[in-house]
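Q: Please take a close look at one part of this protein with me, and show me how that part sits in the whole fold. I'm at the bench and would like a connected picture rather than a list.

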Amino acid sequence: MTQWQDRKTIGDLHEHRVATALRTRGWTVHPCGQGTYPHAIRNALRHTRSALRQFPDLIAARDNTIVTIDAKDHMPSTTTNRYAISTTTINAGLQLTALHAPIPLYYVFGDLKVLTPAEVLHYTDHAYRHPSGAYHLINTHHAHSFDDVFGAARAQAA
């Protein structure tokens with residue numbers, strides 16, 4: 001298996017976990033974004049800088065509320081207590097939220113903590129930067145709990 005295929009498998013599992021967690025809170029969830037496209041389109045997108053490459057993984061609705069979610073696994077760092085989010089991802093997320101306001105975009109990390117692109121930018125604007133400049137490094141204590149953002153899990157009917 002290639003490194004990309006390994007990451008894709010892990011990412012798919014995390015997306016499934018996030019979708020399941022949302023469903024237990026009464027959200028209707030549907031996949032969206034690059035992962036839903038046929039192989040030929042995904043392959044062609046890989047060779048562009050289009051923001052479509054960074055499109056959210058899931059779209060969810062509950063009552064009259066609609067949100068988009070980009071599931072980010074393999075975070076936080078086990079040694080620095082920071083999430084590393086690519087600058088490209090943040091820029092695309094900010095563009096997406098500007099174009100599709102008022103529908104929010106949430107990043108849901110492997111520890112099921114949540115941030116928006118604007119929060120990441122705010123908290124990292126004057127913070128330590130990754131030496132390459134390719135990542136925003138944000139302390140995990142800034143993130144919100146999943147339940148605070150999406151509500152508590154509902155009891156299952158027996």
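A: Happy to. Accessible areas here come from the Shrake-Rupley method with a 1.4 Å probe. By that method the protein, a predicted model, exposes about 9,400 Å², and carbon and sulfur atoms supply 55% of this area. Of its 158 residues, 33% count as buried.

Let's set the scene before zooming in. The protein has five helices and eight strands, and from the N terminus its elements run α-β-α-β-β-β-α-β-β-α-β-β-α. Contacts often span long stretches of sequence: among those between residues at least 6 apart, 68% join residues at least 24 apart. Six strands form an open sheet in the order β1-β2-β3-β5-β6-β8, with mixed pairing. At its edges stand β1 (28–31) and β8 (144–145); each has a single partner strand, so one side of each is left without a neighbour in the sheet.

The part I'd pick is helix α3 and the pair of strands it lies across, β3 and β5. In the sheet order, β3 and β5 sit side by side. They run parallel and are joined by five bridges, and T68 stands opposite L105 of β5. Strands of a sheet pair through backbone hydrogen bonds, either parallel or antiparallel.

Helix α3 covers residues 87–99, which makes 13 residues, and reaches 18 Å from its first C-alpha to its last, close to the 18 Å expected. The helix runs at about 145° to β5. Its buried residues are T87, T89, I90, A92, G93 and L96. An α-helix has 3.6 residues a turn, so residues three or four places apart point the same way. The buried residues of α3 pack against β3 (65–72) and β5 (105–109), and also against β4 (82–86), α4 (117–124) and β7 (135–139).

Now for one residue in this neighbourhood: D70, which is found in strand β3. Is D70 buried or exposed? D70 is buried, because its relative accessible area is 5% and the cut-off for buried is under 20%. Its side chain makes a polar contact with the side chain of K72, at 3.3 Å. Beyond its neighbours within four places in sequence, D70 is in contact with Q54, P56, D57, T89, L105, Y106, Y107 and V108. Two names there tie the picture together: T89 is one of the buried residues of α3, and L105 is the β5 residue opposite T68.

Conventions. Residues are numbered from 1 along each chain as its sequence is written. This is a predicted model: local features need pLDDT of at least 70, side-chain atom pairs count only at pLDDT 80 or more; totals for chains, interfaces and linings use all residues. Side-chain values use heavy atoms; hydrogens and water are left out. Helices (H or I, at least four residues) and strands (E, at least two) are DSSP runs, numbered from the N terminus. The expected span of a helix is 1.5 Å times one less than its number of residues. Buried means under 20% relative accessible area, exposed over 50%, partly exposed in between (1.4 Å probe, protein chains only). Contact means heavy atoms within 4.5 Å. A polar contact is a pair of N or O atoms within 3.5 Å; within protein, one must be able to donate a hydrogen and the other to accept it, and residues adjacent in sequence count only if both atoms are side-chain atoms. Two strands pair if DSSP finds at least two bridges between them. Axes are lines fitted to C-alpha atoms, for helices over the stretch in contact, and angles run from 0 to 180 degrees between N-to-C directions.
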